[in-house]
Amino acid sequence: MFCPKCRSEFKQGIDRCPDCGVMLVAALEPLEQYETGNFLTVYQTSNPGMMSIAKSLLENAGIYFATKGEAFEEIFKSGTVELQVLLEDAEPATELLKDLEEMPDFQQTD
Ligand SMILES: [Zn+2]
């Protein structure tokens, strides 16, 4: 049994999450933000320059990352590359990368 709110798993026989007070369900709906494995997309861009900046930010912070859509044929198809990090790194990674969107290069300001 699972809590739909905090997604904890409980033994059979428990019907309410002691933390959230909500009724448990037999199976959880998969979260849409979950990608393959435990990776979460924290940044996506069609600008290769911005992508390399994003990568080096994560590299400097020692955060492991993977890219999705970087294969040539995929770029051709969607034009967007996604940068993914492990779930536990999602928060610091998002924090690091949020500055990218404020960079002048990101938006046309003229
Ligand atoms: Zn709960």
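Exposed, in this talk, means over 50% relative accessible area, and buried means under 20%. Keep those two cut-offs in mind. E9 comes out at 60% relative accessibility, so E9 counts as exposed. One caution before I go on: this is a predicted model.

Let me give you the layout. The protein chain has three helices and three strands. Starting at the N terminus, the order is β-α-β-α-β-α. The chain has 110 residues, and 24% of them are buried. Now take the contacts between residues at least 6 apart in sequence. Of those, 50% join residues at least 24 apart.

Back to E9. Where does E9 sit? It is in the segment before β1. Set aside the neighbours within four places in sequence, and E9 is in contact with M1 and F2. Then look at A26. E9 and A26 are 17 residues apart along the chain, and their C-alpha atoms are separated by 9.7 Å.

R7 is in the segment before β1 too. Check its backbone. Phi of R7 is near 65°, which is a positive value, and R7 is not a glycine. R7 is partly exposed, at a relative accessible area of 29%.

Next, the metal. Which residues coordinate the zinc ion? Four cysteines do: C3, C6, C17 and C20, each through SG, at 2.2 to 2.3 Å. Along the chain, the donors follow the spacing C-x2-C-x10-C-x2-C. C3 and C20 both lie in the segment before β1, so this pair ties together parts that are 17 residues apart in sequence.

What is the geometry of the zinc site? It is tetrahedral, with angles of 102 to 116° among the four donor atoms. For reference, the ideal angle for four tetrahedral donors is 109.5 degrees.

Are C3 and C20 buried or partly exposed? C3 is buried, with a relative accessible area of 0%. C20 is partly exposed, at 24% relative accessibility.

On to the strands. β1 covers residues 39–45. Five of its seven residues are buried, so β1 is largely enclosed by the rest of the structure. Its partner is β3, residues 81–86. The two pair in the antiparallel sense, over six bridges. To find the register, look at F39, which stands opposite L86. L40 stands opposite V85.

β3 has a second partner. β2 and β3 also pair in the antiparallel sense, over four bridges. Here F65 has V85 as its bridge partner. So V85 is a residue to click on: L40 stands opposite V85, and F65 is bridged to V85. How covered is β3? Mostly: five of its six residues are buried.

Stay with F39 for a moment. How many aromatic pairs does a search of the whole structure find? One. It joins F39 and Y64, and the pair is tilted. The rings are 6.1 Å apart, centre to centre, with 55° between the planes. Why call it tilted? The angle between the planes is 55°, and the tilted class takes pairs that are neither under 30 degrees nor over 60.

Where do the two rings come from? F39 is in strand β1, and Y64 is in the loop between α1 and β2, so the pair ties together parts that are 25 residues apart in sequence. The two residues also fall in opposite classes. F39 counts as buried, at 18% relative accessibility. Y64 is exposed, with a relative accessible area of 52%.

Last stop, the helices. α3 runs over residues 90–97, and A90, A93 and L97 are buried there. Look down the helix axis. The buried residues fall within an arc of 65°, so they line one face of α3. What covers them? The cover includes β1, α1 and β3.

α1 gives us one more residue, I53. I53 counts as partly exposed, at 31% relative accessibility. I53 and L97 are 44 residues apart in sequence, and 9.2 Å apart in space, C-alpha to C-alpha.

To recap the stops on the tour. The zinc ion is held by C3, C6, C17 and C20. β3 pairs with β1 and with β2. β1, α1 and β3 are among the elements that cover the buried residues of α3.

Definitions and conventions:
Residues are numbered from 1 along each chain as its sequence is written. This is a predicted model: local features need pLDDT of at least 70, side-chain atom pairs count only at pLDDT 80 or more; totals for chains, interfaces and linings use all residues. Side-chain values use heavy atoms; hydrogens and water are left out. Rings of Phe, Tyr and Trp (its six-membered ring) pair if their centres lie within 6.5 Å; planes under 30 degrees apart count as stacked, over 60 as edge-to-face and the rest as tilted. Buried means under 20% relative accessible area, exposed over 50%, partly exposed in between (1.4 Å probe, protein chains only). Donors are N, O and S atoms within 2.8 Å of the metal (3.2 Å for Na, K and Ca); water is not among the atoms, so sites may look incomplete. Four donors count as tetrahedral if all angles lie between 85 and 135 degrees; four count as square planar and six as octahedral if opposite donors are over 155 degrees apart and all others between 65 and 115; anything else is irregular. Two strands pair if DSSP finds at least two bridges between them. The arc is that of the directions from the helix axis to the C-beta atoms. Contact means heavy atoms within 4.5 Å.
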